[in-house]
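Look at the model below before reading on. The report then walks through a few of its features.

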Amino acid sequence: MSKNEILIFYQLIHDIIKSDEFLKMSMQKHHIKTSVYDHCLKVAYLCYKHHCKYNCKTDIKEVVRAALLHDYFLYDRINKKSGDDINRFVHLFKHPATALHNAENDYPDLTRKEKNAIQRHMFPIVPIPPTTACGWMVCYYDKVAAIGDYFHVQRWKKELIEFCPEMIK
């Protein structure tokens, strides 16, 4: 991606990634070695790259906002210090609704498409599919990012670090 495209990406997301609540996600583990912050940023970036490459008709701001907020559940599901470990099975099914609730509280201007993408990103585990192109894109790239998280694939960070290092926590 060009420097200009990455700077446009940053302009679309800076208000969310600089918020106190979103920054807390950099301390929460997700998918073994990845933080929730990194995972959500990766999903948003992959969606953005797809949108740019294929000149999609979807609203890019809606797509990247939904991607950033899809795992905005704001709790540490694996707290090693306290010994708490939220049941993974329960988390799989409940976190989309929790993420949507938190996102609606902190970003009351969410669109219908953003809400749909956040709530339904766990399809097919949660059996109700997204109904928008935005939702399908977030759902797909969430799976791609999660696989990359498990194998600790970090190529996506190199482009962001090169042109906009303040995005990386």
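What follows covers a buried aspartate, a group of aromatic rings and a pocket.

This is a predicted model.

**A buried aspartate**

Start with Asp71. Asp71 sits in the loop between α4 (60–69) and β3 (78–79). Is Asp71 buried or exposed? Its relative accessible area is 2%. Buried means under 20%, so Asp71 counts as buried. Its side chain has polar partners. One polar contact, of 2.9 Å, joins the side chain of Asp71 to that of His95. Another, of 3.1 Å, joins the side chains of Asp71 and His121.

**Aromatic rings**

Now turn to the rings. A pair of aromatic rings is described by the distance of the centres and the angle of the planes. The structure holds 7 aromatic pairs. Two of them are listed here.

| Pair | Centre to centre | Angle between planes | Type |
|---|---|---|---|
| Phe22 and Tyr72 | 6.4 Å | 25° | stacked |
| Tyr72 and Tyr107 | 6.1 Å | 55° | tilted |

Take the pair of Phe22 and Tyr72. Phe22 lies in helix α2 (residues 20–24), while Tyr72 lies in the loop between α4 and β3. These parts are 50 residues apart in sequence, so the pair ties together separate stretches of the chain. Both rings belong to buried residues: Phe22 has 0% relative accessibility, and Tyr72 has a relative accessible area of 0%.

Next comes the pair of Tyr72 and Tyr107. This pair also links distant parts of the chain. Tyr107 is in the loop between α5 (88–106) and α6 (112–119), and the two residues are 35 apart. Why does Tyr107 count as buried? Its relative accessible area is 10%, and the cut-off for buried is under 20%.

Which residues form one aromatic cluster? They are Phe22, Tyr37, Tyr72 and Tyr107.

**The second largest pocket**

Finally, look at the second largest pocket. About 290 Å³ of space lies in it. How many residues line the second largest pocket? The lining has 15 residues. Leu46, Lys49, Val144, Arg155 and Trp156 lie nearest the centre of the pocket.

Three elements give two or more residues each to this lining: α3 (36–54), α7 (133–150) and α8 (155–163). Which element gives the most? That is α3, with 7 residues. By kind, the lining of the second largest pocket divides into 8 nonpolar, 2 polar and 5 charged residues.

How values were computed: Residues numbered from 1 in each chain as written. Predicted model: local features only at pLDDT ≥ 70, side-chain atom pairs only at ≥ 80, totals over all residues. Heavy atoms only, no water. Helix = DSSP H or I, 4+ residues; strand = E, 2+ residues; numbered from the N terminus. Buried < 20%, exposed > 50% of the residue type's maximum accessible area, 1.4 Å probe, protein only. Polar contact = N/O pair within 3.5 Å; in protein donor to acceptor, adjacent residues only side chain to side chain. 1 Å grid on protein atoms, 1.4 Å probe; cavity = no way out; pocket = protein on both sides within 12 Å on 5 of 7 lines; lining within 4 Å. Points joined across faces, edges and corners; volume = space filled by probe spheres on them. Nonpolar A, V, L, I, M, F, W, Y, C, P; charged D, E, K, R; others polar. Phe/Tyr/Trp six-rings, centres within 6.5 Å; stacked < 30°, edge-to-face > 60°.
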